[in-house]
Amino acid sequence: MKRLPVFLATFARWIIYIGAFAVGAGFFGALLALGACSQGASVTQAPSPAAQVYAVENTYAAALVLAVQYGNLPRCGVMPLAPVSDVVRPCSSASAVETMRSANVQARRILDTAQAAVQANPAGATQAIADATQAAKDFQTVVAQYAGKGS
Amino acid sequence: MPIVAILASIIELLPQLIAAGAEVQTLIGNVQAATASGATDPTAAEWQAVTAELDSLTVQLNTDPT
């Protein structure tokens, strides 16, 4: 009879591990999808300058969704259950969220510039498009550093 | 009791993950459509939609969880 509580505790612990893995896998899967998406966009026939920036902005928005998702997690170290480790319960680092916010401000400025450039003079927007593409990739890198880890 | 709370927190996260996954799928669909459209420029409505999406996400990112 004493073995039943031990079994239940072990079972619950495994459920927690599986849950934490599912959360991490969800982030990781979305990041992989983003990577595949950006690669696919670069190998097909050349779209117009405006379509390129539009595609970059949507790719960027997808990365931003993940950043928001990460930022919505409870902050690490301020959770009500003191004995429970942050590894078991997914949480977000306050400094990581700040890094994402700063990166977003910077990237948005570049994306807005590119959008204005392709709308005003598509033929002369080559550099702005390259800058926007790089800014989106840089932001994806920042998000991938943190969001896939869940802490 | 903490174990139950942890389980509840993980279960709470699942709908958020599913919603985020659906949003990402929509955005990826936009990218594929833009790429497939070749020389066709996005419409004014499409520009507005993606800008509004970025603005909304930025507000969410800048808001701390309660």
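In the predicted model, Cys91(A) is buried, with a relative accessible area of 0%. Its sulfur is joined in a disulfide to that of Cys76(A), at an S to S separation of 2.0 Å, and this bridge is the 1 disulfide that the structure holds over all chains. The pair links distant parts of the chain, in that Cys76(A) and Cys91(A) are 15 residues apart and each lies in the loop between α2 (49-71) and α3 (94-120) of chain A. The torsion about the S-S bond is about 90°, and the disulfide between Cys76(A) and Cys91(A) is therefore right-handed. Cys76(A), for its part, is partly exposed, with a relative accessible area of 27%; this value lies above the 20% under which a residue counts as buried, whereas the 0% of Cys91(A) places that residue in the buried class.

The chain in which this bridge is found has 4 helices and 0 strands, and the elements of chain A, read along the sequence, follow the pattern α-α-α-α. Of the 151 residues of chain A, 44% count as buried.

Helix α4 of chain A, which comprises residues 126-147, has 22 residues and reaches 31 Å from its first C-alpha to its last, a span close to the 32 Å expected at 1.5 Å a residue. The buried residues of α4(A) include the alanines Ala128(A), Ala132(A), Ala135(A), Ala136(A) and Ala147(A), together with Ile129(A), Phe139(A), Gln140(A), Val142(A) and Val143(A). When α4(A) is seen down its axis, these buried residues fall within an arc of 160°, so they line one face of the helix. In general, an α-helix has 3.6 residues a turn, so residues three or four places apart point the same way. On the other side of α4(A), Thr126(A) and Gln127(A) are exposed.

The packing of α4(A) against α2(A) was also examined. In general, two packed helices are described by the angle between their axes and the distance between the axes. For α2(A) and α4(A), the angle is about 15° and the axes are 9 Å apart. Because angles under 35 degrees count as roughly parallel, α2(A) is roughly parallel to α4(A). The crossing in which α2(A) passes α4(A) is left-handed. Helix α2(A), which takes part in this packing, also bounds, with α3 of chain A, the loop in which both Cys76(A) and Cys91(A) lie.

Key. Residues numbered from 1 in each chain as written. Chains lettered and ligands numbered in written order. Predicted model: local features only at pLDDT ≥ 70, side-chain atom pairs only at ≥ 80, totals over all residues. Heavy atoms only, no water. Disulfide = S-S within 2.5 Å. Helix = DSSP H or I, 4+ residues; strand = E, 2+ residues; numbered from the N terminus. Buried < 20%, exposed > 50% of the residue type's maximum accessible area, 1.4 Å probe, protein only. Expected span 1.5 Å × (residues − 1). Arc of directions from axis to C-beta. Axes fitted to C-alpha atoms, helices over the stretch in contact; angles between N-to-C directions. Parallel < 35°, antiparallel > 145°, perpendicular 65-115°, else oblique. Left-handed = near helix turned anticlockwise from the far one by under 90°.
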